[in-house]
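Trainee: I'd like to go through this one with you, question by question. Please keep the reasoning short and spell out the cut-offs as we go.

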Amino acid sequence: MSYLPIRVSTLRGDQPIEFDAYVKINDKYILYLRRGDSFEGTRLTRLKEKNLKKMFIVESDEKNYRHYLDHNISHAFDKTSPKTLQNRVEIAQGATQTAAEEVMENPEDSAAYSAAKDGALRFVEFLQREDEGFLHILNMENIDNSVAHHGVTVSSLSVALAARLGINDSKQLQLLSLGALLHDFEHFHSSINIARPITHLNPQEMVVYKEHPLLGARRLQDKRHFDQAVLNIISQHEEYIDGKGFPMGLNQSKTDPLALIVASANKVDRLMTFEKVPRDELARKLLIRYTGCHPLEHLKNLGEILNQFKP
Ligand SMILES: [Fe+2]
Ligand SMILES: [Fe+2]
């Protein structure tokens with residue numbers, strides 16, 4: 001029998017699966033979830049706790065898997081769907097995370113890039129339509145410290161911040177969302193554990209860490225299908241407005257405005273997911289730690305956004 005890999009991030013929501021799902025252990029495929037069951041609740045959590053990114057289906061189930069995906073997605077983005085908002089958000093989050101993973105794993109694949117770009121716009125429109133959607137995204141814990149999940153969280157924070165800054169051009173918002181999804185492209189390929197305070201990195205790790213924006217952008221610069229704005233976000237998202245960020249030490253006037261937004265939004269999820277700062281302390285921590293590094297207007301607005309959406 002031959003097996004095909006599927007991404008765990010596509011398995012969201014309460015819809016019963018239309019295929020058998022396997023995990024691969026020591027070159028053996030073990031049936032994990034049967035057709036007719038769903039990945040709701042603890043089943044998915046347990047997979048994430050094991051840091052499992054891919055599962056498998058038998059080749060003859062590919063059509064059924066595609067059907068499950070289409071069905072899920074059509075519900076997620078349909079406001080009239082009978083599914084709960086929580087379920088629809090989980091599917092939208094998973095679809096967006098999957099698209100980011102596809103690009104980070106296969107950056108040379110221009111079809112994967114355009115799918116992620118289309119998906120980024122759909123995600124922006126979803127967030128604009130669903131007032132409470134953003135809250136559910138923030139409440140989806142990034143259990144396995146996934147770089148792509150982090151990208152989705154930063155993307156939704158960036159879109160929320162942009163709305164408050166009066167940016168409503170859909171092309172700009174699409175590039176902002178896509179750049180935020182992919183901003184830590186290089187971490188996807190490096191072995192450094194970023195899920196801890198940066199001060200805990202040893203000197204060798206710090207050298208690699210400080211290069212991640214530039215290495216990421218360099219790795220992508222010959223890929224003609226990447227938008228310049230996305231490359232700017234990847235290379236400039238660790239810069240500070242006072243010129244004391246990295247890798248180039250660009251000050252505010254030299255930094256792409258979209259990268260400035262992602263840089264600020266990124267700090268929220270760094271504190272929340274990677275440094276485990278409690279939600280009710282986030283707004284205050286953000287101001288204390290990063291005033292002078294990011295525009296005050298960004299930090300204040302992000303604080304208000306966070307306080308508005310208490311879990
Ligand atoms: Fe980064
Ligand atoms: Fe990041």
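Trainee: Why does the arrangement around the iron ion (ligand 1) count as irregular?

Mentor: Donors here are N, O and S atoms within 2.8 Å of the metal (3.2 Å for Na, K and Ca), and water is not among the atoms, so sites may look incomplete. Four donors are tetrahedral if all angles lie between 85 and 135 degrees; four are square planar and six octahedral if opposite donors are over 155 degrees apart and all others between 65 and 115; anything else is irregular. This site ends up irregular because its 4 donor atoms subtend angles of 88 to 173 degrees.

Trainee: What pLDDT do side-chain atom pairs need to count in this predicted model?

Mentor: Residues are numbered from 1 along each chain as its sequence is written, chains are lettered from A and ligands numbered from 1 in the order written, and side-chain values use heavy atoms, without hydrogens or water. Totals for chains, interfaces and linings use all residues in this predicted model, whereas local features need pLDDT of at least 70 and side-chain atom pairs need pLDDT 80 or more.

Trainee: Which residue coordinates both iron ions?

Mentor: Around the iron ion (ligand 1) the protein donors are D184 (OD), H212 (NE2), H237 (NE2) and E238 (OE), at 2.1 to 2.2 Å. The iron ion (ligand 2) has H150 (NE2), H183 (NE2), D184 (OD) and N266 (OD1), at 2.1 to 2.3 Å. The ions lie 3.7 Å apart, and the bridge between them is D184.

Trainee: What spacing do the donors of the iron ion (ligand 2) follow along the chain?

Mentor: For comparison, the donors of the iron ion (ligand 1) follow D-x27-H-x24-H-E. The site of the iron ion (ligand 2) is irregular too, with angles of 85 to 179 degrees among 4 donor atoms. Its donors follow the spacing H-x32-H-D-x81-N.

Trainee: How do α3 and α4 lie relative to each other, and what angle do they make?

Mentor: Helices are DSSP runs (H or I, at least four residues; strands are E, at least two), numbered from the N terminus. Axes are lines fitted to C-alpha atoms, for helices over the stretch in contact, and angles between N-to-C directions run from 0 to 180 degrees. Helix α3 (residues 85-105) and helix α4 (residues 110-129) have axes 9 Å apart and pack at an angle of about 155 degrees. That makes the pair (under 35 degrees is roughly parallel, over 145 roughly antiparallel, 65 to 115 roughly perpendicular, the rest oblique) roughly antiparallel.

Trainee: How many nonpolar, polar and charged residues are in the contact of α3 with α4?

Mentor: Contact means heavy atoms within 4.5 Å, and R88, V89, A92, T96, A99, E102 and V103 in α3 meet A112, Y113, A116, F123 and F126 in α4. Ala, Val, Leu, Ile, Met, Phe, Trp, Tyr, Cys and Pro count as nonpolar, Asp, Glu, Lys and Arg as charged, and the others, Gly among them, as polar. The tally is 9 nonpolar, 1 polar and 2 charged.

Trainee: Is the crossing of α11 and α13 left-handed or right-handed?

Mentor: The axes of helix α11 (residues 257-274) and helix α13 (residues 296-308) come within 10 Å and cross at roughly 45 degrees, so the two are oblique. L260, I261, S264, A265 and V268 in α11 meet H298, L302 and L306 in α13. A crossing is left-handed if the near helix is turned anticlockwise from the far one by less than a right angle, and right-handed if clockwise. Here α11 passes α13 in a crossing that is right-handed.

Trainee: What is omega at the cis peptide bond of P247?

Mentor: P247 sits in the loop between α10 (228-236) and α11. The cis bond joins F246 to P247, with an omega of about 5 degrees.
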